[in-house]
Amino acid sequence: MGRTREAGCVAAGVVIGAGACYCVYKLTWGKDEYEKAWDEDEECSDTSETGVEPEVVASDTVGEEPVAKLQGESKAKAEVSLELESGPAVKKEAQLGSQSGGGLEAKAKALFNTLKEQASAKLGKGARVGSISGNRTLAPSLPCPGGRGGGCHPPRSGGRSGSRASGKSKGKTRSKSTKAPATTWPVRRGKFNFPYKIDDILSTPDLQKVLNILERTNDPFIQEVALVTLGNNAAYSFNQNAIRELGGVPIIAKLIKTKDPIIREKTYNALNNLSVNAENQGKIKTYISQVCDDTMVCRLDSAVQMAGLRLLTNMTVTNHYQHLLSYSFPDFFALLFLGNHFTKIQIMKLIINFTENPAMTRELVSCKVPSELISLFNKEWDREILLNILTLFENINDNIKSEGLASSRKEFSRNSLFFLFKESGVCVKKIRALANHSDLVVKVKVLKVLTKL
């Protein structure tokens, strides 16, 4: 009967030990296995959504497990082997307990302590899954399409390894719907090591290098950088002469024909800075009609149009090349009516340049203009627009008197600028209504114009 009782005690101890092992497994390894399965799910979804498979970087620690996948496959085998190895130890412990005369409770405690020590020794090896995941990052030197260096994506090692080290499950807070969408990188522009910075002040040999690059390349990105560099250097008078002497004006001006609006804008900006020099204007006048045509037909109020208008304004400051643009007077007044605030101001500056040349008066007042142009004399407009339109009216009125055009009113049509400003009388009524304007500067300008009528 004694042997039967001891066998029963051993069987009960094995059952209690198996239960303890299962509890330890669920509290430690089972949680790690759940987190591993969750992370593998997320990584698979990352691969399927972005199309980029992250690179696995090998660990530098000696003796560390090679990959997390092999650990997951061998975990069940290790569990079975642990239980098989613990069998003789359990029996031996039970026999020692029976020989010492301890009761059933003492034997169960001794068996439980033995199993607990073995589980603790196994857990003391470290969180292998966390350490492998902590090293799984993208290579930092991956080229970024359209970028200027560095990796496309930030490393993902910190967040996951940190959450596992804390021992708290983040399963409830993780949601696949909160992931940022895959970034769409621009493919228009690639990397290019331009020899200079765009704001560098270059010497004559360096300017020659930039002009050679601009002349030989068809890459829009390189063209843009070269044009900005030349435009910034053309702001200095000594470089304005150098670029002209190096034959840079034709090299820059050939890009007026390009279809890329960004390139055309940078071309006009560079030519605009060069046109401050009188000798450069003699070179640029060859392209002034082409610039005018493109400015009138490009998208309304665009950056290309504003850059073209600024270039035309600089080219008409003197009287030498104004006659080259006289055919575009109707287009200028149409743009004055249709454009936004900034376009109106720029086009009025251009027209004022023509009104300051009495020789251009006849062609200017004979062109057809929209009758809605009279609305620019309303007090709702800001100071700058009102001052410009009053200056335009004042100059035209003075030129009509000086050129003796008032007596030849029959040669001008009812749709002409002459009839709108001089014969209709509507314009004068609008100006007199501005005499009570709240802005003192505008009021003074109105009084000056009224005294000349």
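This report describes the overall make-up of a predicted protein model and then turns to selected residues.

**Overall make-up**

The protein contains 21 helices and zero strands. Of its 453 residues, 39% are buried. The accessible surface amounts to about 25400 Å², and carbon and sulfur atoms contribute 56% of that area. Among contacts with a sequence separation of 6 or more, 73% join residues that lie 24 or more positions apart.

**Helix α9 and its surroundings**

Helix α9 spans residues 237–245 and includes Arg 244. Phe 238 also belongs to helix α9. Arg 244 has a relative accessibility of 14% and is therefore classed as buried, since the cut-off for that class is under 20%. Beyond its neighbours within four places in sequence, Arg 244 touches Val 249, Asn 277, Glu 279, Asn 280 and Lys 283. Phe 238, for its part, joins Ile 201 and Tyr 236 in a nonpolar surface patch, whose accessible area is about 310 Å² in total.

**The loop between α14 and α15**

Thr 318 is placed in the loop that links α14 (303–315) to α15 (329–338). Its relative accessible area of 28% makes Thr 318 partly exposed, because this class lies between the 20% and 50% limits. Thr 318 is separated from Glu 356 by 38 residues in sequence, and their C-alpha atoms are 9.5 Å apart in space.

The two residues with a stated accessibility are set out below.

| Residue | Relative accessible area | Class |
|---|---|---|
| Arg 244 | 14% | buried |
| Thr 318 | 28% | partly exposed |

Note on methods
Residues are numbered from 1 along each chain as its sequence is written. This is a predicted model: local features need pLDDT of at least 70, side-chain atom pairs count only at pLDDT 80 or more; totals for chains, interfaces and linings use all residues. Side-chain values use heavy atoms; hydrogens and water are left out. Helices (H or I, at least four residues) and strands (E, at least two) are DSSP runs, numbered from the N terminus. Buried means under 20% relative accessible area, exposed over 50%, partly exposed in between (1.4 Å probe, protein chains only). Contact means heavy atoms within 4.5 Å. Patches are made of residues with over 30% relative accessible area and no salt bridge: like charges are joined within 9 Å, nonpolar side chains (Val, Leu, Ile, Met, Phe, Trp, Tyr) within 5 Å. Accessible areas come from the Shrake-Rupley method with a 1.4 Å probe; for residues, only the protein chains shown count as cover. A salt bridge is a side-chain nitrogen of Lys or Arg within 4 Å of a carboxyl oxygen of Asp or Glu.
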